[in-house]
Amino acid sequence: MNTNSNDSKGIIRVSEETIAILAAKTALETDGVAALSGTLPDKIAINFSKKDSSYKGVKVSKDDDGFKIDIYVVVDFDENIPSVAWDIQKNIIHEIKSKFGLSVKSINVHVQGVRLP
């Protein structure tokens, strides 16, 4: 599904895949995030379809209210997990609004593990 923006010069379309890649990059740049963690269906899809893995661990859906993003992360051991999750949410919302001017309905952060030192 693409998100459309209309102005006097034409239509701009932003795919869910593009949003997912930006969300993945932003999450990985957040302090305390060790890695993204793909779900089992992600891993199967990557292996069988040669799907790009640059946004593994991110699922994006769109409805009338905006985007819903589910992101699966591994957090560093010595970090405060709720603080890292809030930073991920804040950073992704900021990036999507600043880059595309789009609204985000929700960002659900799923901590899949902790990376030990």
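Contact here means heavy atoms within 4.5 Å. With that in hand, I69 is a good place to start: leaving aside residues up to four places away in sequence, I69 touches I19, A23, V58, K59, V60, I92, I96, V104, S106, I107 and N108.

A word on the model itself. This is a predicted model, in which local features need pLDDT of at least 70 and side-chain atom pairs count only at pLDDT 80 or more, while totals for chains, interfaces and linings use all residues. Residues are numbered from 1 along each chain as its sequence is written, and side-chain values use heavy atoms, with hydrogens and water left out.

**The core**

I69 also belongs to the group with the most contacts inside the largest nonpolar core, alongside I19, V58, I71, I88, I92 and I96. That core has 24 residues; the term stands for a set of buried Ala, Val, Leu, Ile, Met, Phe, Trp, Tyr and Cys residues joined through side-chain atoms within 4.5 Å. Buried means under 20% relative accessible area, exposed over 50%, and partly exposed in between, with a 1.4 Å probe and protein chains only. At least two core residues come from each of α1 (16-28), β3 (33-36), β4 (58-63), β5 (66-76), α3 (81-100) and β6 (104-115). Helices (H or I, at least four residues) and strands (E, at least two) are DSSP runs, numbered from the N terminus.

The most generous supplier is α1, with six residues. Helix α1 has 13 residues and reaches 18 Å from its first C-alpha to its last, close to the 18 Å expected at 1.5 Å a residue; the expected span is 1.5 Å times one less than the number of residues. The buried residues of α1 are E16, I19, A20, L22, A23, A24, T26 and A27, and they pack against β2 (10-15), β3, β4, β5 and α3.

**Strands around β5**

Strand β5 has partners in both β4 and β6, where pairing requires that DSSP finds at least two bridges between two strands. Six bridges join β4 to β5 in the antiparallel sense. These two strands form a hairpin with two residues between them, and D63 stands opposite G66 in β5. With β6, in contrast, β5 pairs in the parallel sense over 10 bridges, and K68 stands opposite S106 in β6. Together β5, α3 and β6 make a right-handed β-α-β unit: with the strands pointing away from the viewer, the path from the first strand over the helix to the second runs clockwise.

**Salt bridges**

There are seven salt bridges in the structure, each a side-chain nitrogen of Lys or Arg within 4 Å of a carboxyl oxygen of Asp or Glu. Three of them are listed here.

| Pair | N to O distance |
|---|---|
| K68 and D70 | 4.0 Å |
| D76 and R115 | 2.6 Å |
| E95 and K99 | 3.2 Å |

In the first pair, K68 is partly exposed at 36% relative accessibility, whereas D70 is buried at 14%. The salt bridge between D76 and R115 links distant parts of the chain, from strand β5 to strand β6, 39 residues apart. Here D76 is buried at 16% and R115 partly exposed at 44%. E95 and K99 both lie in helix α3, four residues apart, about one turn of the helix. E95 is partly exposed at 21%, while K99 is exposed at 54%. Elsewhere, salt bridges that share partners join D63, D65 and K105 into one network.
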